[in-house]
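Good morning, everyone, and thank you for making time for this. I would like to walk slowly through one protein model, beginning with its strands and ending with its aromatic rings.

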Amino acid sequence: MVDVLLGLQWGDEGKGKIVDVLAPQYQVVARFQGGPNAGHTLEFDGFKHVLHQIPSGIFRPDALNIIGNGVVLDPIVFRREIDGLAKFNLDLHANLLISKKAALIVPTHSLLDAAYEQAKGAAKIGSTLRGIGPTYQDKVGRQGLRVGDVLSPNFRQKYDTLVNAHKLTLDRLNFDYTVLGESEEKFFAAVEFLKTFKLTDSEYDVNNALQAGQRVLAEGAQGSLLDLDFGSYPFVTSSTTMAAGACTGLGIAPQQIGEVYGIFKAYCTRVGSGPFPTELLEETGERMRQEGREFGSTTGRPRRCGWLDLPSLKYAVMLNGVTQLVMMKADVLTIFETIQVCTHYQLPDGSITEQLPYDLCDTDVVPVYKEFAGWQTSLDGIRTFDNMPAELAAYVSYLEAELGIPIAFVSTGPDRESLVHRETVGV
């Protein structure tokens, strides 16, 4: 079976840590969408490491890691990631496969990303400017390059055809691309480096593993509320971040999906533009940001912070068919005497709903809050639910009752060992 692990909010939920924790139970760990705009942070043995395109199971020597066809791959970033892993003495050429069908990010994609954002002005999306959107755009427009193309004898011709089309757009947008030459030099060197790894038809690798009785963990990037179809459009990413994306992003049949692990923070964060009903714009939000070290692992941008939003969380649970929940960063809320949870939205006409409006971007919803007592005590060393502060246990129990799904893990700190695993929920 394929178990899916994904974020239920606007990304940055802490997926990397949980993949790292779960990986020993799986023979294959596979990324199914997103690209270098993702930043999955892992902390263990005094190390802190951020992965962008490489699956978070890479630190487990017995796991085969796959970059699936649904990912968009930047060879320059890939090479930088591999170089950053050198100190760990991992056999990356043996346990890392890259789908030939993964879309290839070329230097002009990031230039187009910047040009589009500049043209939008105040209405900009808040892109990471990594070229993700333009790469998916080329994929859908059937003019993009794929990883397998680097093995073609006429790869340079294919590259020039695509880049010349990009230059026409950049000219139309009056965007300067004189830096392209330097980027291209790095790009082609990185392509040669990429070719030293195993480039495969990874859908066969995944399905062969399943036929052999192996367990596969599909790792999502970003979060459900950034999904292209169901997120806060147009302030979304360019891929399917839901559980369904694991099927198209890896080449697996729907009936192969087993557990769906939905990860959420004990509060909410968001990077970039877009609606955020529970955002805290005053001192409380800043305290939350500093305590949680809420700065983008990819961009370094400060994350917007706010209280937990149950309507959006229920929405993500419903669409993904979540079977087990994972609550991250419970330790961050120890600084608060009281904690708020948004249970419903009040709409402009005064009505109350727990459904996400279609036009959330244009509708001023007012959160309806329920207050909880904070736990205000260190969670260091807590490894069982019975040893949790009573206030935190009550918070967890309330969320389980509202969401109708067991919370299997509660994270109490950044390290892989700082985790309460609730055996009683059948994990």
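Before I name any partners, let me say that two strands count as paired if DSSP finds at least two bridges between them. Please also keep in mind that what you see is a predicted model.

With that in hand, let us take strand 2, residues 28-31, and look at its neighbours. Strand 2 is joined to strand 5, residues 64-67, by 4 bridges, and the two run parallel; strand 2 is likewise joined by 4 bridges to strand 10, residues 216-219, and that pair runs parallel as well. Arg31 lets us see both sides, since its bridge partner in strand 5 is Ile67, while its bridge partner in strand 10 is Glu219. As a general point for those of you new to this, the strands of a sheet pair through backbone hydrogen bonds, and they do so either parallel or antiparallel.

Are the two faces of strand 2 covered or not? Both are covered: Val28 and Ala30 on one side are buried, and so are Val29 and Arg31 on the other.

Now let us step back to the whole sheet. It is an open sheet of 10 strands, with mixed pairing, and if you follow it across, the order is 9-7-5-2-10-1-11-15-19-20. At the edges are strand 9, residues 198-200, and strand 20, residues 419-421, each of which pairs on one side only. From one strand to the next, the twist averages 20 degrees.

At the strand 9 edge, strand 7, residues 96-99, is joined to strand 9 by 3 bridges, and these two run parallel; here Ser99 stands opposite Thr200 of strand 9. Helix 8, residues 202-211, packs on the sheet, where it touches strands 1, 2, 5, 7, 9 and 10, and its direction makes about 145 degrees with that of strand 5. Helix 12 also packs on the sheet, touching strand 11, strand 15 and strand 19, and its direction makes about 145 degrees with that of strand 15.

Let me turn to the rings. How many aromatic pairs does a search of the whole structure find? It finds 14, and one of them is the tilted pair of Phe155 and Tyr159, with 6.5 Å centre to centre and 50 degrees between the planes. Because these two residues are 4 apart in helix 6, residues 155-172, about one helical turn separates them. Phe155 is buried, with a relative accessible area of 7%, and Tyr159 is buried too, at 0% relative accessibility.

A second tilted pair is made by Trp375 and Tyr395, whose ring centres are 5.6 Å apart and whose planes are at 55 degrees. This pair links distant parts of the chain, for Trp375 lies in the loop between strand 18 and helix 12, and Tyr395 lies in helix 12, 20 residues apart. Trp375 counts as buried at 5% relative accessibility, and Tyr395 counts as buried at 0%.

Ring pairs also link Phe155, Tyr159, Phe187 and Phe188 into a cluster.

I will finish with two places where a charge meets a ring. The charged end of Arg215 sits over the ring of Tyr26, 4.4 Å from its centre, and the charged end of Arg422 sits over the ring of Phe385, 4.0 Å from its centre. Thank you for listening.

Conventions
Residues numbered from 1 in each chain as written. Predicted model: local features only at pLDDT ≥ 70, side-chain atom pairs only at ≥ 80, totals over all residues. Heavy atoms only, no water. Phe/Tyr/Trp six-rings, centres within 6.5 Å; stacked < 30°, edge-to-face > 60°. Buried < 20%, exposed > 50% of the residue type's maximum accessible area, 1.4 Å probe, protein only. Lys NZ or Arg CZ within 6 Å of the ring centre and 35° of its normal. Axes fitted to C-alpha atoms, helices over the stretch in contact; angles between N-to-C directions. Contact = heavy atoms within 4.5 Å.
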